[in-house]
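Here's a quick tour of one chain, pitched at someone who already has the model open. We'll go through strands, rings, charges, a pocket and a loop.

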Amino acid sequence: MEREAMEFDAVVVGGGPAGLAAAIRLKQLAAASNQEIAVCLIEKGAEIGAHILSGAVMDPRALDELLPDWKTTDAPLNAPVSEDRFLILSETGATRVPNALLPGCFHNEGNYVISLGNVCRWLGEQAEALGVEIYPGFAGSEVLFDENGAVKGVATGDMGRLHDGSEGPNFQPGMELHGKYTFFAEGCRGHLGKQLIAHFALDRDADPQTYGIGLKELWEIDPAKHQPGLVVHSGGWPMQPDTYGGGFLYHLENNQIAVGFVVGLGYANPHLSPYEEFQRYKTHPEIRKFLEGGKRIAYGARALTAGGLQSLPETVFPGGVLVGDDAGFLNAARIKGSHCAIKTGALAAEACFAALGAGRQRDSLTAYPQAFRESWLYDELHRARNFKPWMSKGLWLGSLMFGIDQLLLRGKAPWTLRHGSPDHAKLKPAADCPRIDYPKPDGVLSFDRLSSVFLSSTNHEEDQPCHLQLKDASVPVAINLATYDAPEQRYCPAGVYEILHDAGGEPRLQINAQNCVHCKTCDIKDPTQNITWVTPQGGEGPTYPNM
C-alpha cells in the first residue's frame, strides 16, 4: 500500500514551543502581507502538550515578541516569581546563598512559574486560530529527500504493524508531508534531528553535545505550605561534589508544586541512578517540609541539552532547519530553554517567509543563523557558554570559577572552555567505581519506578515493532553487563531495561518498551551507542497533565 502525499509551504515536526512559535510566526507574517502560506505541524503525542515536560520557570521575553498581547488572552502564565532561594545541601542541613552573591542567571524577577505543557496547549490554540493545520498523534518517522539531496519533507510512521514488522489487520501506511521548507522541532535528541546532524555533518565544527536528564513530579500540597511563585534551586547532596546535578522546587498556582532533579549525563560511575538520586533528594529536610502531607499526582522524565554555544551544530541545510532543543538551544546556567525555543522558531520562520516571498524553496535558509548571531539570544548564550564546562570540574571549583566568570567578568571572559568527549564515553568500568546503596522507597515521599510510570499515563501497544532498537543484540550482556554492570537498568527512569536470567542461569536483556516515557536517555548514555530510540506509533507514550 503506497503512502499518500500532501503538499505544504512549510512542514513543522514537533508541537513544542519551538515548532509552535515557528508556525505562528509564519502565519503572522503571511497575514500581515496578505499572503496565503500553507503550514502543517505534526506532533507525535496524542495531543499538543502530551509529551511536554519541563521545570519550568519561563522568561517571557520571546513570548512578548511573538504574541505581545498574551496577558489579555488567557495565557497560562499565572504565577509570577515571588522569591528566589538557592541552597547548598548537606545530607541533613542547608546553607542558603545570599541572593546578592548569586550570578544574574539565578535571578528570576519578571519570570513565571509555569506548566510548559499547558503553555504549549495554549500556543496550539493560537496557531490553529491563525490557520495552522495541526495533526497530533502523527510521529515524524523518516526524512524525505528530493533528487538533489535536499530535504523535501517527512513521512509519518505506519500504524498497525505487528511485532515482527508485518502488516496487521488494522494496518495504515504513513503519510508523506512535502514542504518547500521543513522545520525540525522535536526537542532534545530528536529522532530525525539526530539523523540530519549525521547526514549533513552539521556538528563537524562543534564540540560534542552534553546532556542532562531531568526528572519531575507534580504534587498537591498543604495550602499552609504553599507560596505561589516561590522558586527553590539547590546543589550539593545527594550528588557527590564531582558529579553535576541539582534540584528544583517551584510553586505554581492551585496549591501545586513541581519538584524535580537534574543529573548531568556525563557522570562516570555506572552504579549511579538518576531516578534514585531524585527520590533521595525529596527526603532532605528542606524539601520534605513542603511535601509532607501532600499528594503526588504526576511524574515524568526528559533529557535536555546542556552543551551551549560550543556544542551547537549548524542549524540549516538544504530544505530545512533545526530549532529549539533539536539543535541544543538551552541556557543551562539559567535552567531555561522555552524562551530560546520560541525565539529560534520565530527567527527561522522569518528567514523562511523571506525565502518563500522570493520564490525560493529547498535551499539553505542562511538568514536564520545570521539573525541568531545578531540577536539577544546569542548574547545571552555567549555569556553563559562556560557554565557547563566549569561545573563539570566539580561543584566547588565550578561554582567558584563560574561565579568569577559571571560576577567579575560579566560573561565576557576572553576564553571559551571546551567539551572534550561525549557523555556516553565517560562511564568507567563498574569494578573501578564504588557501589551506591540506595534506600528502599517509603511510598510516602519516595516511590518505585513502576508506580511512577503509572502516573505518567504511558501507553504503547505491545504488539508492534520495538521502538528501542539494538544494533547488536550481544552487546548488552557481552559489554554492558560484563564491564559496566548493565547501567541501562539504572539510567532509565522508567524500568524499561532489565537483566533477567533464563532457566540455565544465562543473563539476557529484557526491554519493556511499553514503559518508555520517551526521555531519550538510553539513546544518549548507552556506552557503546548500541541503543537507538525510534518513534513508536503516533499518539503513544506518556500523556502528561499540567507538566
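Before the sheets, one ground rule: two strands are taken as paired if DSSP finds at least two bridges between them. With that in hand, note that this is a predicted model. One open sheet here has 3 strands in the order S3-S7-S4, with antiparallel pairing, and a search of the whole structure turns up 13 aromatic pairs.

**The small sheet and a hairpin**

- Which strands of the S3-S7-S4 sheet stand at the edges? They are S3 (57–58) and S4, and because each has a single partner strand, one side of each is left without a neighbour in the sheet.
- S4 and S7 run antiparallel and are joined by 2 bridges. Across that pairing, Pro 80 stands opposite Tyr 112 in S7.
- Further along, S22 (residues 497–501) and S23 (residues 507–511) pair in the antiparallel sense, over 5 bridges. Here Ile 499 is the one facing Leu 509 in S23.
- The S22–S23 hairpin has 5 residues between its strands, and Gly 505 in this hairpin takes a positive phi near 90 degrees.

**Aromatic rings**

- Back to Tyr 112: how does its ring sit against that of Trp 70, stacked or edge-to-face? The ring centres are 5.6 Å apart and the planes are at 85 degrees, so it's an edge-to-face pair.
- That pair links distant parts of the chain, 42 residues apart: Trp 70 comes from the loop between helix H2 (61–66) and strand S4 (79–80), while Tyr 112 belongs to strand S7 (residues 112–113). Both Trp 70 and Tyr 112 are buried.
- Phe 248 and Tyr 250 make a stacked pair, because their ring planes are at 25 degrees, with the centres 4.8 Å apart.
- Are those two rings' residues buried or exposed? Phe 248 has 7% relative accessibility, so it counts as buried, and Tyr 250, at 2%, counts as buried too.
- There's also a cluster held together by ring pairs, made up of Phe 145, Phe 184, Phe 200 and Phe 317.

**Charges over rings**

- Lys 282 lies over the face of Phe 278, at 5.1 Å from the ring centre.
- Lys 525 has its charged end over the ring of Tyr 267, 4.3 Å from the centre of that ring.

**The second largest pocket**

- Tyr 267 turns up again here: it's among the residues nearest the centre of the second largest pocket, along with Asp 242, Thr 243, Gly 266 and Ala 268. In total, 31 residues line this pocket, and its volume is about 580 Å³.
- Which elements give two or more residues to the lining of the second largest pocket? Those are helix H5 (274–281) and helix H10 (387–391). H10 gives the most, with 3 residues.
- By class, the lining of the second largest pocket is a mix of 11 nonpolar, 10 polar and 10 charged residues.

**A loop residue out in the open**

- Where is Ala 224? Look in the loop between strand S14 (211–220) and strand S15 (230–236).
- Ala 224 counts as exposed because its relative accessible area is 72%, and the cut-off for exposed is over 50%.
- Measuring from C-alpha to C-alpha, Ala 224 and Cys 492 are 35 Å apart in space, and they're 268 residues apart in sequence.

Technical notes: Residues are numbered from 1 along each chain as its sequence is written. This is a predicted model: local features need pLDDT of at least 70, side-chain atom pairs count only at pLDDT 80 or more; totals for chains, interfaces and linings use all residues. Side-chain values use heavy atoms; hydrogens and water are left out. Helices (H or I, at least four residues) and strands (E, at least two) are DSSP runs, numbered from the N terminus. Rings of Phe, Tyr and Trp (its six-membered ring) pair if their centres lie within 6.5 Å; planes under 30 degrees apart count as stacked, over 60 as edge-to-face and the rest as tilted. Buried means under 20% relative accessible area, exposed over 50%, partly exposed in between (1.4 Å probe, protein chains only). A charge sits over a ring if NZ of Lys or CZ of Arg is within 6 Å of the ring centre and within 35 degrees of the ring normal. On a 1 Å grid over the protein atoms alone, a cavity is a set of points where a 1.4 Å probe fits but cannot get out, and a pocket is an open set with protein on both sides within 12 Å along at least five of seven lines; lining residues have an atom within 4 Å of a point. Grid points are joined across faces, edges and corners, and a volume is the space filled by probe spheres set on the points. Ala, Val, Leu, Ile, Met, Phe, Trp, Tyr, Cys and Pro count as nonpolar, Asp, Glu, Lys and Arg as charged, and the others, Gly among them, as polar.
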